[in-house]
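I opened the model to look up strand pairing, a charged residue and some surface side chains, and I kept these notes as I went.

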Amino acid sequence: QTFKRDDDIDKAELTSLAQIIKEVTQEYNDDEKEAIKKGKKLYMKCKEETNFDEIESSDHKVKMKLVHVDGESLVTGLATT
């Protein structure tokens with residue numbers, strides 16, 4: 001009989017990475033800071049936008065929608081937990 005512990009190992013690795021993200025101070029260069037700023041701005045636009053289509057998620061904890069922000073040429077996918 002083989003022991004299948006892949007899920008346990010994956011969970012331990014994910015927990016370890018999450019801990020690093022939460023506790024280790026990140027340093028960003030100017031380009032990275034600008035990309036983060038733009039990403040946050042787009043996220044806030046998408047979050048506030050009422051022109052969207054909800055899409056089905058395979059995970060019941062995740063809500064997903066496609067958003068078209070006025071003035072933008074692309075549709076953005078947004079997933080929230």
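Before reading any bridge partners, I noted the criterion: two strands pair if DSSP finds at least two bridges between them. I also noted that this is a predicted model.

Entry on the strands. I looked up strand 1 (residues 52-55) and strand 2 (residues 63-67), and found that they pair in the antiparallel sense over four bridges. Within this pairing, Ile-55 has Met-64 of strand 2 as its bridge partner. I then followed strand 2 to strand 3 (residues 76-80), where the pairing is again antiparallel and runs over five bridges. Here I recorded that Val-67 is bridged to Thr-76 in strand 3.

Entry on Lys-65. I asked myself which side chain of opposite charge is nearest to this buried lysine. Lys-65 belongs to strand 2, and I found that it is buried without a salt bridge, the nearest side chain of opposite charge being that of Glu-54, 7.4 Å away. A salt bridge would need a side-chain nitrogen of Lys or Arg within 4 Å of a carboxyl oxygen of Asp or Glu. Setting aside neighbours within four places in sequence, I listed the contacts of Lys-65, among them Phe-52, Asp-53, Glu-54 and Ile-55, and I added that Thr-76, Gly-77 and Leu-78 are also included, as are Cys-46, Lys-47 and Glu-49.

Entry on Lys-47. Since Lys-47 appeared among those contacts, I looked it up next and placed it in helix 2 (residues 30-48). Its relative accessible area is 48%, so I entered Lys-47 as partly exposed. Beyond its neighbours within four places in sequence, Lys-47 is in contact with Lys-65 and Leu-78. I also checked Lys-47 against Val-69, 22 residues away along the chain, and read a C-alpha separation of 9.8 Å.

Entry on Leu-74. Is this leucine buried or exposed? Leu-74 sits in the loop between strand 2 and strand 3, and I counted it as exposed because its relative accessibility is 62%, where the cut-off for exposed is over 50%. Apart from neighbours within four places in sequence, I found Leu-74 in contact with Val-67 and His-68.

Entry on the surface. Lastly I looked for nonpolar side chains grouped on the surface, and noted a patch formed by Leu-17, Ile-20 and Val-24, which together have about 260 Å² of accessible area. Of these, I traced Leu-17 to helix 1 (residues 6-23).

Key
Residues numbered from 1 in each chain as written. Predicted model: local features only at pLDDT ≥ 70, side-chain atom pairs only at ≥ 80, totals over all residues. Heavy atoms only, no water. Patch = residues over 30% accessible without salt bridge, like charges linked within 9 Å, V, L, I, M, F, W, Y side chains within 5 Å. Areas by Shrake-Rupley, 256 points an atom, 1.4 Å probe, with all protein chains shown as cover. Helix = DSSP H or I, 4+ residues; strand = E, 2+ residues; numbered from the N terminus. Buried < 20%, exposed > 50% of the residue type's maximum accessible area, 1.4 Å probe, protein only. Lys, Arg positive; Asp, Glu negative; His and termini not counted. Contact = heavy atoms within 4.5 Å.
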